[in-house]
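Here is a set of short exercises to work through with the model open beside you. Try each task on your own before reading its solution.

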Amino acid sequence: MTNFLAQPEWDKALAAVSDCTSVLLLAHVTPDADALGSALGLGLALQSLGKKVQVTVGEENFVVPSSLSFLPGVELIHSPEALTSADLVISCDVSSDARLGTTLELLQAAKVSIAIDHHSSFTGFGTIHLVDPGAAATAELVLEFIDRLEVALTPEIAGAIYAGLTTDTGSFKFQSTTSHTLRTAARLVDAGIDNSKLSRLLFDDEPLAALVMMGEAVSRAKLLPEAANGAGLVYASVTREQRNGLPELAAERVIEALRRTSEAEVAAVFKQADDGHWNGSLRSKSSVDVGAVAMALGGGGHKYAAGFSSTLDLSATIDLLIEKLAITA
Ligand code: MN
């Protein structure tokens, strides 16, 4: 149980649910397992209460990436163009309105909207805020919401929640993992999830082409031991061409390989999007707050995991990161 959130905010959220007949749940653009798992787990719970539920992501003609298509409740997902109106809008794991993409207008038009999030960089949209930067995952807050709604856990709801919790904690390895997180995981296992299968699908299941791309990206990595005031930076980049026809999402896990580098406190991966701009992923281990660095670059995230976008060219983007690391780190 988290203590950061005040009781009145939970009461407002519970009243909003009991007052509505239809709900639209929003995950952030380029959704991860926490964003989508949170929306789907809550969606399934609300459906069991008799609500009409739709889940979407603010990307034109959104389809679920194949890497997350096994999540329970995916049948609730519609592309934003295919939505019907809903009287309550709930965003999951969305830290800023830019991350709402094309669904920003839907949230702004809603009389009542709930933002459920755990980013310290949450910018404050929506009328009810279930926001706790101390939570290991948005999924952890969603589970508390489901408990307060007095919905019993099914294996499907538990599976969607577990996907968010285990992904955002790096398989329960990151600093955000508390005894409460582990007890929550045990409870989800008790609810009937297949932990081993879910973990394999989430972490250990990729097309060979994606592994080759990752290997090539790691082989291009550069180490700057003097960066971040001597704490060290390791970085790599993946251009559109270097993705060999794979979607940008396939480059997400390059950072998981680079962050293991012993000689660097900070790891960065620059991934070129289809429209040419660069998305930077940042990870740190213990002494550097990459969330603050990302915010200085117009992005956001958490202390040890964050991201930002850049429309500059690659070398200017890297130079800017090095400069911010020297000031902020
Ligand atoms: Mn999250």
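## Exercise 1: Strand E7 and its partners

Begin with one pair: in this predicted model, Lys222 has Tyr235 in E7 as its bridge partner.

**Task.** Work out which strands pair with E7, in which direction each pairing runs, and whether the residues of E7 are buried or exposed.

**Solution.**

1. Start with strand E6 (residues 222-224), which is joined to E7 by 3 bridges and runs antiparallel to E7.
2. Turn to E8, where 6 bridges make the connection to E7 and the two strands run parallel. One bridge to look for pairs Val238 with Lys271 in E8.
3. Check each face of E7. On one side Leu233, Tyr235 and Ser237 are buried, and on the other Val234, Ala236 and Val238 are buried, so both faces are covered.
4. Put this together: 6 of the 6 residues of E7 are buried, so the strand is largely enclosed by the rest of the structure.

## Exercise 2: Aromatic pairs

**Task.** How many aromatic pairs are there, and what geometry does the pair Tyr235 and Phe270 have?

**Solution.**

1. The count comes to 5 aromatic pairs.
2. Take Tyr162 and Phe172 as a warm-up: their ring centres are 5.9 Å apart with 55° between the planes, a tilted pair. Tyr162 sits in helix H5 (residues 155-168), while Phe172 lies in the loop between H5 and helix H6 (179-190), 10 residues apart in the chain. Both Tyr162 and Phe172 are buried.
3. Now look at Tyr235 and Phe270, with 6.2 Å centre to centre and 75° between the planes, which makes the pair edge-to-face. This pair links strand E7 (residues 233-238) to strand E8 (residues 266-272), with the two positions 35 residues apart.
4. Compare with the cut-off for burial, under 20% relative accessible area: Tyr235 has 15% and Phe270 has 0%, so each counts as buried.
5. Add Phe308, which forms one aromatic cluster with Tyr235 and Phe270.

## Exercise 3: The five-stranded sheet

**Task.** In what order do the 5 strands of the open sheet lie, and which strands stand at the edges?

**Solution.**

1. Reading across the open sheet, the order is E2-E1-E3-E4-E5, with parallel pairing.
2. Strand E2 (52-57) and strand E5 (128-131) each have a single partner strand, so one side of each is left without a neighbour in the sheet and these two are the edges.
3. On average, neighbouring strands of this sheet are turned by 15° against each other, direction ignored.
4. Zoom in on strand E1 (residues 22-27), which is joined to E2 by 6 bridges. Here Leu26 stands opposite Thr56 in E2.
5. Next, add the helices. Helix H2 (residues 33-48) packs on the sheet, touching E1, E2, strand E3 (88-92) and strand E4 (113-117), and its direction makes about 170° with that of E1. Helix H4 (residues 138-148) also packs on the sheet; it touches E3, E4 and E5, at about 130° to the direction of E4.

## Exercise 4: Nonpolar cores and helix H4

**Task.** Which residues touch the most other members of the largest nonpolar core, and how many residues of H4 are buried?

**Solution.**

1. The largest core has 58 residues, and Leu25, Leu42, Leu46, Ile90, Ile114, Ile116 and Phe145 touch the most other members. H2 supplies the largest share, 9 residues.
2. Follow Leu42 outward: beyond its neighbours within four places in sequence, its contacts are Leu25, Ile90, Ile116, Val142, Phe145, Ile146 and Leu149.
3. A second, separate core of 19 residues includes Ala268, Val288, Leu297 and Phe308.
4. For H4, 9 of its 11 residues are buried, among them Leu141, Val142, Phe145 and Ile146.
5. Just after H4, find Glu150, which takes a positive phi of about 60°.

## Exercise 5: Cysteines

**Task.** Why do Cys20 and Cys92 not form a disulfide?

**Solution.**

1. A search of the whole structure finds 0 disulfides.
2. The sulfur of Cys20 has its closest cysteine sulfur in Cys92, 13 Å away, and this is too far for a bond; the cut-off is within 2.5 Å.
3. Cys20 is buried at 5% relative accessibility, and Cys92 is buried at 0%.

Note on methods:
Residues numbered from 1 in each chain as written. Predicted model: local features only at pLDDT ≥ 70, side-chain atom pairs only at ≥ 80, totals over all residues. Heavy atoms only, no water. Buried < 20%, exposed > 50% of the residue type's maximum accessible area, 1.4 Å probe, protein only. Pairing = 2+ DSSP bridges. Helix = DSSP H or I, 4+ residues; strand = E, 2+ residues; numbered from the N terminus. Axes fitted to C-alpha atoms, helices over the stretch in contact; angles between N-to-C directions. Contact = heavy atoms within 4.5 Å. Phe/Tyr/Trp six-rings, centres within 6.5 Å; stacked < 30°, edge-to-face > 60°. Core = buried A, V, L, I, M, F, W, Y, C linked by side-chain atoms within 4.5 Å.
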